[in-house]
Amino acid sequence: MSSPSDEIHRSTLELARNLIARASLTPADAGCIDVIAERLQRTGFACERIDRGGVSNLWARRGDARPLVCFAGHVDVVPPGPASEWVSDPFAPTERDGYLYGRGTADMKTPLAASITAIERLVRGGDSPPGSIGLIVTSDEEGAATDGTVAVVEWLRARGERIDQCILTEPTSSERLGDTIKNGRRGSLSGRLTVKGVQGHIAYPHLARNPIHLALPALTELMGMEWDRGDASFEPTSFQVSNIHAGTGAGNVIPSVLGADFNFRFAPTSSEASLASGVAAVLEKFGLEYELSWTLSGAPFITRVGRLVDLLARAVREVTGVEPALSTGGGTSDGRFLAAVADEVVEFGPVNESIHKANERISLADLAPLSAIYERALGLLLATST
C-alpha cells in the first residue's frame with residue numbers, strides 16, 4: 001500500500017517527466033503551458049493566456065478573495081549543448097542512480113511540477129483555506145525576458161491586480177534541499193563602450209591614435225574602483241568586463257576603434273544613475289573620445305524578513321528539518337519584474353549544482369519533500385491571512 005509521500009512523488013514525477021520530454025528551447029514552450037493549463041482548469045482555476053512576441057504566458061487564478069498567494073515559474077530551457085556530453089538524451093527524462101536526468105529537471109520543470117501538485121492536493125483536501133491561489137508561467141525567462149513575465153506583470157497592473165505573496169520555483173538550494181531561500185537579487189546594468197582612435201601603420205604610431213592604449217588605463221581604473229560597500233543583505237556592487245574587441249585582423253595595423261562590454265551587479269546602495277555617472281567621470285578624466293550605451297536588465301529588490309520569509313522557512317523546517325539561510329546572490333530572475341506587483345517575493349527550489357550543465361539532474365528523493373514544502377507554505381500563507 002502506497003504512502004502519502006509515495007503518491008506525492010508519483011504525481012510530481014509524472015508531471016515533471018511530461019514537461020521535460022518537451023524540447024521547449026527558449027522562447028518555445030513546446031506545449032508545456034497547454035498541459036499545465038488543462039490540469040489547473042480541472043482543479044477550478046480560470047486560465048488566461050497572455051502571449052506576446054512569440055512567447056507563451058499563462059495567468060491562472062482560483063478564487064477572488066484576499067490574500068492572493070502565487071507561484072511563478074518558467075517552462076523554457078537553455079540549449080543542451082553537444083549531445084556527446086550527455087549520458088542520455090536531454091529531452092528523454094531518465095532515472096539513474098537516484099536522480100532524474102534531463103534538460104530542465106532542476107531549472108525548473110520539476111519544481112514547477114512540484115508546485116502544481118502541491119496546489120492540487122491543497123484544493124482537493126476538502127477544507128479549502130480562504131484567499132486565492134495564482135500561478136504565472138512563461139516561456140521567456142532563459143532568453144530575452146522581454147515578452148514573458150514582464151508582459152504578465154504589465155497586464156496585471158493594467159487590471160489593477162496585486163499579489164500578496166509570490167514564490168518563484170527557482171532552484172535555490174546549494175548543497176541540500178531547503179538550505180537556501182533567495183529573498184532578493186542584485187540589479188544588473190550593462191554598458192557597451194566604443195573608444196575612438198585613428199587607424200595607422202603600427203611602425204608609425206605618431207601618425208595614429210591607438211584606442212587600445214587609450215582605453216586600457218581607464219578600464220583598469222574602473223576595475224579597481226569601490227562602487228559601494230553593499231549592506232547587510234547585499235554584497236558590494238561588482239564591475240566586470242565581459243568582452244573587448246579591437247583590431248583589423250592584420251598584425252601591422254593600429255585599429256580605429258575599441259569596443260568593450262561590461263556589467264554591474266549592483267546593490268540597492270547604488271543606482272543606475274550613480275553607476276553611469278561614475279563611469280562617465282573616469283572616461284572623461286582620461287580624455288577619451290567615446291560612445292556609451294546602457295541596458296538595465298533589472299533593478300535590485302529585497303523582501304525583508306516577514307510573513308512570507310517566516311512561513312516559508314517554517315514549512316522548510318517542518319518538512320526537512322533544515323534551517324534555510326537567506327541569500328541575494330546569483331544572477332537575475334523574474335523576481336525583478338514580479339516585485340512591481342507583489343508585496344513580497346522570494347525564490348525557493350531544489351539544489352542548483354547542475355543547472356545549465358550537461359547531464360542536468362535532480363534528486364528523486366527531493367521530489368516529494370519539495371512538493372510538500374510548497375503545499376505547507378501555501379497552506380500557512382492562506383490560513384494565517386489577516
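Axes are lines fitted to C-alpha atoms, for helices over the stretch in contact, and the angle between two of them is taken between their N-to-C directions, from 0 to 180 degrees. In this predicted model, the axes of helix α3 (residues 105-123) and helix α9 (residues 367-383) lie 8 Å apart, and the two helices pack at an angle of about 50 degrees. Angles of 65 to 115 degrees count as roughly perpendicular and those under 35 degrees as roughly parallel; α3 and α9 are therefore oblique to each other. The crossing in which α3 passes α9 is right-handed.

On the side of α3, the contact is made by T110, P111, A114, S115, T117, A118, I119, R121 and L122. On the side of α9, L367, L370, S371, A372, Y374, E375, L378, G379 and L382 take part. Sorted by class, the contact of α3 with α9 has eleven nonpolar, five polar and two charged residues. An α-helix has 3.6 residues a turn, so residues three or four places apart point the same way.

One residue of this contact, S115 of α3, also touches L135. L135 is found in strand β6, and L135 counts as buried because its relative accessibility is 0%, where the limit for a buried residue is under 20%. Leaving aside neighbours within four places in sequence, the residues in contact with L135 include I36, L40, L58, W59 and A60, together with C70, F71 and A72. L112 and I116 are also among the residues that L135 contacts. The C-alpha atoms of L135 and G379 are separated by 15 Å, with the two residues 244 residues apart along the chain.

Strand β6 (132-138) also appears in the surroundings of helix α4 (residues 149-158), as part of what covers the buried residues of α4. Those buried residues are T149, V150, A151, V152, V153 and L156. Their cover further includes β2 (57-62), β7 (163-168) and α8 (335-338). Just after α4, the phi of G160 is positive, at about 75 degrees.

The loop between β17 (325-327) and α8 holds S333. With 1% relative accessibility, S333 counts as buried. Its side chain makes a polar contact with the side chain of E347, at 2.6 Å. Not counting residues up to four places away in sequence, S333 touches E141, L168, E170, R185 and F301 as well as E347. One of these, L168, belongs to β7 (163-168), which is part of the cover over the buried residues of α4.

Terms used. Residues are numbered from 1 along each chain as its sequence is written. This is a predicted model: local features need pLDDT of at least 70, side-chain atom pairs count only at pLDDT 80 or more; totals for chains, interfaces and linings use all residues. Side-chain values use heavy atoms; hydrogens and water are left out. Helices (H or I, at least four residues) and strands (E, at least two) are DSSP runs, numbered from the N terminus. Angles under 35 degrees count as roughly parallel, over 145 as roughly antiparallel, 65 to 115 as roughly perpendicular and the rest as oblique. A crossing is left-handed if the near helix is turned anticlockwise from the far one by less than a right angle, and right-handed if clockwise. Contact means heavy atoms within 4.5 Å. Ala, Val, Leu, Ile, Met, Phe, Trp, Tyr, Cys and Pro count as nonpolar, Asp, Glu, Lys and Arg as charged, and the others, Gly among them, as polar. Buried means under 20% relative accessible area, exposed over 50%, partly exposed in between (1.4 Å probe, protein chains only). A polar contact is a pair of N or O atoms within 3.5 Å; within protein, one must be able to donate a hydrogen and the other to accept it, and residues adjacent in sequence count only if both atoms are side-chain atoms.
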